[in-house]
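Let's take a relaxed walk through this fold, one helix at a time. Keep the picture open while you read.

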Amino acid sequence: MSYESVLDALGDGTRRRLVEQLRGGPRSVTELAAAFPVSRPAISKHLRVLSECGLVTHETSGTRNLYRLDPRGLAELRRWTEQFWDDVLGSFADHVADTRPTARRRPR
């Protein structure tokens, strides 16, 4: 599981929409497929990709597989993107420090 594999998986629009669907809670393949113009086997393949990169997990409940988001996959992506924010905010703080006018003392 790496941020690269998560980005690759989310590069597909259908998989992004599946992740959005799963934000509402666990769903079966049948429930997920109902929202897409593709077959259930195609949705299963997309879910397998999302599972392999750590974005979703599934559990078997009777004859159904219920899929849910796995926050660990998103955490890997979040750690990667937060590095950029740290760099940007650090650069901004440096800029502010470099351009801040010096405080002038008022004569008494």
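Before we start, one bit of vocabulary: a residue counts as buried when its relative accessible area is under 20%, and as exposed when that value is over 50%. Also keep in mind that this is a predicted model.

**Helix 4 and its two sides**

Find helix 4, which runs over residues 40–52. It has 13 residues and reaches 18 Å from its first C-alpha to its last, close to the 18 Å expected at 1.5 Å a residue. Which of its residues are buried? They are Ile43, His46, Leu47 and Leu50. Look down the axis of helix 4 and you'll see these buried residues fall within an arc of 100 degrees, so they line one face of the helix. Here's the background: an α-helix has 3.6 residues a turn, so residues three or four places apart point the same way.

Now flip to the face of helix 4 turned away from the buried side, and you'll meet the exposed residues Pro41, Lys45 and Glu52. As for the buried residues, they have plenty of partners: they pack against helix 1 (3–10), helix 2 (13–22), helix 3 (29–33), strand 2 (56–61) and strand 3 (64–69). After helix 4 comes Gly54, and its phi is positive, near 90 degrees.

**Two helix crossings**

Here are two pairs of helices that pack together.

| Pair | Angle | Axes |
|---|---|---|
| Helix 1 and helix 5 | about 105 degrees | 8 Å apart |
| Helix 2 and helix 4 | roughly 80 degrees | within 10 Å |

The angle in the second row makes helix 2 roughly perpendicular to helix 4. On the helix 2 side, the contact is made by Thr14, Arg15, Leu18, Val19 and Leu22, while helix 4 brings Ile43, His46, Leu47, Val49 and Leu50. Sorted by class, this contact of helix 2 with helix 4 has seven nonpolar, two polar and one charged residues.

Back to the other pair: helix 5 covers residues 71–99 and packs at about 105 degrees to helix 1. That makes helix 1 roughly perpendicular to helix 5. Tyr3, Val6, Leu7 and Leu10 from helix 1 meet Gly73, Glu76, Leu77 and Trp80 from helix 5. The residues of this contact of helix 1 with helix 5 divide into six nonpolar, one polar and one charged.

**A serine in a strand**

Last stop: Ser28, which sits in strand 1 (residues 27–28). Is Ser28 buried or exposed? At 4% relative accessibility, Ser28 counts as buried. Leaving aside residues up to four places away in sequence, Ser28 touches Arg64, Asn65 and Leu66.

Conventions
Residues numbered from 1 in each chain as written. Predicted model: local features only at pLDDT ≥ 70, side-chain atom pairs only at ≥ 80, totals over all residues. Heavy atoms only, no water. Helix = DSSP H or I, 4+ residues; strand = E, 2+ residues; numbered from the N terminus. Buried < 20%, exposed > 50% of the residue type's maximum accessible area, 1.4 Å probe, protein only. Contact = heavy atoms within 4.5 Å. Expected span 1.5 Å × (residues − 1). Arc of directions from axis to C-beta. Axes fitted to C-alpha atoms, helices over the stretch in contact; angles between N-to-C directions. Parallel < 35°, antiparallel > 145°, perpendicular 65-115°, else oblique. Nonpolar A, V, L, I, M, F, W, Y, C, P; charged D, E, K, R; others polar.
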